[in-house]
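The following exercises are to be worked with the sequence and the three-dimensional structure at hand. Each task is followed by a solution in steps.

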Amino acid sequence: MVDMSATLIHQGHVRLINAARQYGDVVVALTTDAEILSKKGYRPELNFDQRKEIISAVDGVIDVVPCQWLITEDFLDSHNIDYLMHVDDNANPISKNRLIVMPRTHGISSTKLRDLA
């Protein structure tokens, strides 16, 4: 599983999914609109259904499920997930034996893209 908000979808999201594919089938935990509003203070440019449709089209993604801001071990268990892959700013309370960390894509983020607009 990889988790993301993907408010503005960019190559970092695709790279994360591609890296996760090395470990097996990929399920994306996609943050809900209400949770983004609560945690980031704005409504995403693309709503949940639009983001889900785009992420579902990425090769290797077998499912996209709604999630809260933080992923828990119970959430992983409820979706029969072995590992969570996240970039190096991970705050999810996941044990180290179930967490795979990869570096964030340098120079790109939804926040940076939003600031350029």
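**Exercise 1.** Which residues are linked in a network of salt bridges?

*Solution.* The model is a predicted one.

Step 1. The network of salt bridges links Glu73, Asp77 and Arg98.

Step 2. Within this network, the side chains of Arg98 and Glu73 meet at 3.0 Å, N to O. The criterion for a salt bridge is a distance within 4 Å, and the pair is accordingly listed as one.

Step 3. Arg98 lies in the loop between β4 (84–87) and β5 (99–102), and Glu73 lies in helix α4 (residues 73–78). The two residues are 25 residues apart, and the pair links distant parts of the chain.

Step 4. Arg98 has a relative accessible area of 13% and is buried, whereas Glu73, at 23%, counts as partly exposed.

**Exercise 2.** State how many salt bridges the structure holds, and describe the pair formed by Asp59 and the pair formed by Arg51.

*Solution.*

Step 1. The structure holds five salt bridges.

Step 2. Asp59 pairs with Arg21, and their closest N and O atoms are 3.4 Å apart. Asp59 belongs to the loop between α3 (48–56) and β3 (61–67), while Arg21 belongs to helix α1 (residues 11–21), so this salt bridge ties together parts that are 38 residues apart in sequence.

Step 3. Asp59 is exposed, its relative accessible area being 55%. Arg21, with 38%, is partly exposed.

Step 4. Arg51 pairs with Asp33, with 2.6 Å between the closest N and O atoms. Here helix α3 supplies Arg51 and helix α2 (residues 33–40) supplies Asp33; the two are 18 residues apart, and they link distant parts of the chain.

Step 5. The relative accessibility of Arg51 is 0%, which counts as buried. Asp33 is partly exposed, with a relative accessible area of 23%.

**Exercise 3.** Determine which residues of α3 are buried, and explain why they line one face of the helix.

*Solution.*

Step 1. Phe48, Arg51 and Ile55 are buried in α3.

Step 2. Seen down the axis of α3, the buried residues fall within an arc of 70°, so they line one face of the helix.

Step 3. A general rule assists here: an α-helix has 3.6 residues a turn, so residues three or four places apart point the same way.

Step 4. Asp49 and Glu53 are exposed on the other side of α3.

Step 5. The cover over the buried residues of α3 includes β1 (2–4), α1, β2, α2 and β3.

**Exercise 4.** Carry out the corresponding analysis for α1: which of its residues are buried?

*Solution.*

Step 1. In α1, the buried residues are Gly12, His13, Leu16, Ile17, Ala19 and Ala20.

Step 2. Viewed down the axis of α1, these residues fall within an arc of 160°, so they too line one face of the helix.

**Exercise 5.** What is the volume of the second largest pocket, and which residues are closest to its centre?

*Solution.*

Step 1. The second largest pocket holds about 230 Å³ of space.

Step 2. It is lined by 14 residues, and those closest to its centre are Met1, Tyr23, Gly24, Asp25 and Tyr83.

Step 3. The elements that give two or more residues to this lining are β2 (26–31) and β4.

Step 4. By class, the lining of the second largest pocket consists of 11 nonpolar, one polar and two charged residues.

**Exercise 6.** Ala6 and Asn80 each have a positive phi. For each residue, state where it lies and whether it is buried or exposed.

*Solution.*

Step 1. Ala6 has a phi of about 50°, although it is not a glycine. Its place is the loop between β1 and α1, and at 1% relative accessibility Ala6 counts as buried.

Step 2. Asn80, also a residue other than glycine, has a phi near 55°. Asn80 lies in the loop between α4 and β4, and at 69% relative accessibility it counts as exposed.

**Exercise 7.** Describe the protein as a whole: its elements, their order and its buried share.

*Solution.*

Step 1. The secondary structure comprises five helices and five strands.

Step 2. From the N terminus on, the order of the elements is β-α-β-α-α-β-α-β-β-α.

Step 3. Of the 117 residues in the protein, 42% are buried.

Step 4. Among contacts between residues at least 6 apart in sequence, 57% join residues at least 24 apart.

Methods:
Residues are numbered from 1 along each chain as its sequence is written. This is a predicted model: local features need pLDDT of at least 70, side-chain atom pairs count only at pLDDT 80 or more; totals for chains, interfaces and linings use all residues. Side-chain values use heavy atoms; hydrogens and water are left out. Helices (H or I, at least four residues) and strands (E, at least two) are DSSP runs, numbered from the N terminus. Buried means under 20% relative accessible area, exposed over 50%, partly exposed in between (1.4 Å probe, protein chains only). On a 1 Å grid over the protein atoms alone, a cavity is a set of points where a 1.4 Å probe fits but cannot get out, and a pocket is an open set with protein on both sides within 12 Å along at least five of seven lines; lining residues have an atom within 4 Å of a point. Grid points are joined across faces, edges and corners, and a volume is the space filled by probe spheres set on the points. Ala, Val, Leu, Ile, Met, Phe, Trp, Tyr, Cys and Pro count as nonpolar, Asp, Glu, Lys and Arg as charged, and the others, Gly among them, as polar. The arc is that of the directions from the helix axis to the C-beta atoms. Contact means heavy atoms within 4.5 Å.
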